[in-house]
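The exercises below concern one protein model with a bound ligand. Each sets a task and then works through the solution step by step.

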Amino acid sequence: MTAPAPRRDLRVRDLRVQIGDRRILDGVSLDVPSGERLGVIGASGSGKSMLALALLGLTPSGAEVRGSIRLGATELVGQPDRERARSRGSGLGIVFQEPGTALDPLRRVGAQIVEPLRRSGASRTDARAGAIRLAASVGLPEPGRLLRQYPHQLSGGQRQRICIAIALAGDPDVIVADEPTTALDVTTQARILERFQTATAERGQGLLFVTHDLAVLAQVADTAVVLDRGQVVETGPVTRLLTAPQHRATAALVEAARATARMVRT
Ligand SMILES: Nc1ncnc2c1ncn2[C@@H]1O[C@H](COP(=O)(O)OP(=O)(O)OP(=O)(O)O)[C@@H](O)[C@H]1O
Ligand SMILES: [Mg+2]
């Protein structure tokens, strides 16, 4: 096996995002060291997706972004768009919450996985083989046939896995995944979570994983931050957050998950 490439850590300090007079993120600080998996949880509307977009430099137009996002030695906040775009995919890769809008509807999905592989120097043949391997590794059936399809010919869960394969194809230092398994059944979900573990454990990539599902959180991350109205209100080992939450926002998430589990049992 080849040794993993040296990876850059992600370090976020006092990140603020404001749209008009609304402060959407309010002083977020977090770290994703190489090879580690950080979970981000929080109620709907707490700012999880905005955080993911801000990290990638994809906030909506009119949004003001302040604070610091460092990837290794490079400061990303304030970087010219063109440079920022260049580091997308290889520096930071993203899996969006809505797989439908993330794919180019007019291009076959295979070509969309091949592109980042080609960009990192693979020959046409190698990139094609790599795309099939990646598609198989995220549990897509008959990848050879499936990769010739257009996005609208696939199911939502298949599209979601194509998006994961595209993010992995760029071999980024840090993968930002925003609820990447919501459209998947539990078996497929488990396989994807394992695939992310491989990316971090064997390839040294960092993972920032947004989820509202505490069972998924416990499977995928060792440490997590809790967002509440744009602020990090609690950070710590996942087991501690789930068993002894300190902040009422964390306690509310844990209680809601328990209530759901009780409903399932009765
Ligand atoms: N394009 C936008 N313009 C203005 N406000 C926005 C925009 N996108 C999101 N917001 C606001 O930012 C806040 C955070 O939204 P965000 O999508 O980050 O929440 P979330 O934690 O990802 O929620 P969910 O769990 O439902 O996905 C919300 O109050 C939302 O209304
Ligand atoms: Mg969201």
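**Exercise 1. Determine which elements cover the buried residues of helix α4.**

Solution. Step 1: helix α4 spans residues 109-119, where helices (H or I, at least four residues) and strands (E, at least two) are DSSP runs, numbered from the N terminus. Its buried residues are Val109, Gly110, Gln112, Ile113, Val114, Pro116 and Leu117. Buried means under 20% relative accessible area, exposed over 50%, and partly exposed in between (1.4 Å probe, protein chains only). Step 2: the cover over these residues includes α5 (124-137), α6 (143-146) and α7. Step 3: after α4 comes Gly121, with a positive phi near 105°.

This is a predicted model, in which local features need pLDDT of at least 70 and side-chain atom pairs count only at pLDDT 80 or more, while totals for chains, interfaces and linings use all residues. Residues are numbered from 1 along each chain as its sequence is written, chains are lettered from A and ligands numbered from 1 in the order in which they are written, and side-chain values use heavy atoms, with hydrogens and water left out.

**Exercise 2. Describe the surroundings of Gln112 in helix α4.**

Solution. Step 1: Gln112 has a relative accessible area of 8% and is therefore buried. Step 2: a polar atom of the Gln112 side chain lies 2.9 Å from the backbone oxygen of Asp104. This is a polar contact, that is, a pair of N or O atoms within 3.5 Å; within protein, one must be able to donate a hydrogen and the other to accept it, and residues adjacent in sequence count only if both atoms are side-chain atoms. Step 3: with residues up to four places away in sequence left out, Gln112 touches Leu103, Asp104, Arg107, Pro151 and Ile166; contact means heavy atoms within 4.5 Å.

**Exercise 3. Which residues have the most contacts inside the largest nonpolar core?**

Solution. Step 1: a nonpolar core is a set of buried Ala, Val, Leu, Ile, Met, Phe, Trp, Tyr and Cys residues joined through side-chain atoms within 4.5 Å. Step 2: the largest has 44 residues, and Ile113, Ile162, Phe196, Phe209 and Leu217 have the most contacts inside it. Helix α7 (residues 156-169) supplies the largest share of this core, seven residues. Step 3: a separate core of 29 residues includes Val12, Leu30, Ala52 and Leu208.

**Exercise 4. Locate the residues that come nearest to ligand 1, and find their polar contacts.**

Solution. Step 1: there are 13 residues around ligand 1, of which Ser44, Gly45, Lys48, Ser49 and Met50 come nearest; a residue counts if one of its heavy atoms lies within 4 Å. Step 2: an oxygen atom of ligand 1 lies 2.7 Å from a polar side-chain atom of Lys48. Backbone atoms also take part: a backbone N or O atom of Ser49 is 2.9 Å from a ligand oxygen, and a polar backbone atom of Met50 is 2.8 Å from one. Step 3: α1 gives the most to the shell, with three residues.

**Exercise 5. Asp171 and Glu179 have positive phi values; which is buried and which partly exposed?**

Solution. Step 1: Asp171, not a glycine, has a phi of about 50° and lies in the loop between α7 and β7 (174-178). At 27% relative accessibility, Asp171 is partly exposed. Step 2: Glu179 has a phi near 45° and lies in the loop between β7 and α8 (186-201). At 6% relative accessibility, Glu179 is buried.
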